[in-house]
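Let's take a walk through this protein together, starting with the overall layout and then moving in on particular spots. Keep the structure open beside you as you read.

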Amino acid sequence: MRKIVILLLCIIPFLSQAQNDVLVLTRRGMHVRAFTVGDPFTFETVYGQWFTGTIDDLRRDTVYMNGAAFSYKEIDAIERDRQGLNKWTGYSNRGTGILLTAAGAGLFAIGAINGARRGDKAKEWFTTSGYIVGGGLIATGVYLIASVKKFYRLGGRYKLQYLQIGRR
């Protein structure tokens, strides 16, 4: 039994894969995001062209993506598309934000219409909970719409570092 355990421990390094090089996005020296082989990546070059795809390989300060090679120093901006609720609902943050904003505005409209039909005074159309729920829906919707895309412009606060792991 002891020999089998030792044999398995000796075989594990042959079955495992080595770690790849990493592109690290930092803000004032603090880690923001890391990119490695297989990650989706959208960036703008210093020449003003946008490229979107999956990182195929990282080797010797070069990013290989969609059959093209780019030096990491040619990258001027990185785009991050937030997928927040998309994992569970299948909708993008923009679609969910529009839906929530419309639901909040609809809640206020229904309260006003019902209050007017009953003949109530305008100050009695809404309750405190109606203000809270409607306002929360609209605020959350506006936040989701505003947070759809974010751009990291490299140079000032943000820097892109290439970390070489191991020798090749």
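**A guided tour**

Of the 168 residues in the protein, 25% are buried. Keep in mind that you're looking at a predicted model. The secondary structure adds up to four helices and nine strands, and if you follow the chain along the sequence you'll meet them in the pattern α-β-β-β-β-β-β-β-α-α-α-β-β. Take the contacts between residues at least 6 apart in sequence: 59% of them join residues at least 24 apart. As for the outside, the accessible surface is about 11700 Å², and carbon and sulfur atoms account for 59% of that.

Start at the beginning of the chain. Met1 sits in the segment before helix 1 (2-15), and it counts as exposed because its relative accessibility is 78%, with the cut-off for exposed being over 50%. Met1 also belongs to a nonpolar patch on the surface, together with Val5, Leu9 and Ile12. Between them, these residues offer about 450 Å² of accessible area.

Next comes strand 1 (residues 22-27). Five of its six residues are buried, so the strand is largely enclosed by the rest of the structure. What does it pair with? Look for strand 2 (residues 30-35), which runs antiparallel to strand 1 over five bridges. Here Leu23 stands opposite Phe35. The two strands make a hairpin with two residues between them, and in that turn Arg28 has a positive phi of about 50 degrees. Strand 1 also pairs with strand 9 (residues 158-163), again antiparallel, through six bridges. One partnership to find there is Val22 with Leu163.

Now for the salt bridges, of which there are four. One of them connects Arg153 and Glu44, with their closest N and O atoms 2.6 Å apart. This pair ties together distant parts of the chain, since Arg153 is in strand 8 (residues 149-153) and Glu44 is in strand 3 (residues 40-45), 109 residues apart. Glu44 is buried, at 11% relative accessible area, while Arg153 is partly exposed at 45%.

Another salt bridge brings the side chains of Arg59 and Asp57 together, at 2.5 Å from N to O. Asp57 is buried, with a relative accessible area of 16%, whereas Arg59 is partly exposed at 31%. Then there's the bridge between Asp120 and Arg118, at 2.9 Å from N to O. Arg118 is exposed, with 54% relative accessible area, and Asp120 counts as partly exposed at 26%. Salt bridges that share partners also join Glu44, Asp76 and Arg153 into one network.

Arg118 brings us to helix 3, which covers residues 93-118. How far apart should the ends of this helix be? At 1.5 Å a residue, its 26 residues should span 38 Å, and the end C-alpha atoms are 37 Å apart, which agrees. The buried residues of helix 3 are Asn93, Thr96, Gly97, Gly104, Gly111 and Gly115. Just after the helix comes Gly119, which has a positive phi, near 85 degrees.

Finish in helix 4 (residues 128-146), where you'll find Ala139. This residue is partly exposed, with a relative accessible area of 46%. From Ala139 to Thr101 is 38 residues in sequence, but in space their C-alpha atoms are 7.4 Å apart.

Notes:
Residues are numbered from 1 along each chain as its sequence is written. This is a predicted model: local features need pLDDT of at least 70, side-chain atom pairs count only at pLDDT 80 or more; totals for chains, interfaces and linings use all residues. Side-chain values use heavy atoms; hydrogens and water are left out. The expected span of a helix is 1.5 Å times one less than its number of residues. Buried means under 20% relative accessible area, exposed over 50%, partly exposed in between (1.4 Å probe, protein chains only). Contact means heavy atoms within 4.5 Å. Accessible areas come from the Shrake-Rupley method with a 1.4 Å probe; for residues, only the protein chains shown count as cover. Patches are made of residues with over 30% relative accessible area and no salt bridge: like charges are joined within 9 Å, nonpolar side chains (Val, Leu, Ile, Met, Phe, Trp, Tyr) within 5 Å. Two strands pair if DSSP finds at least two bridges between them.
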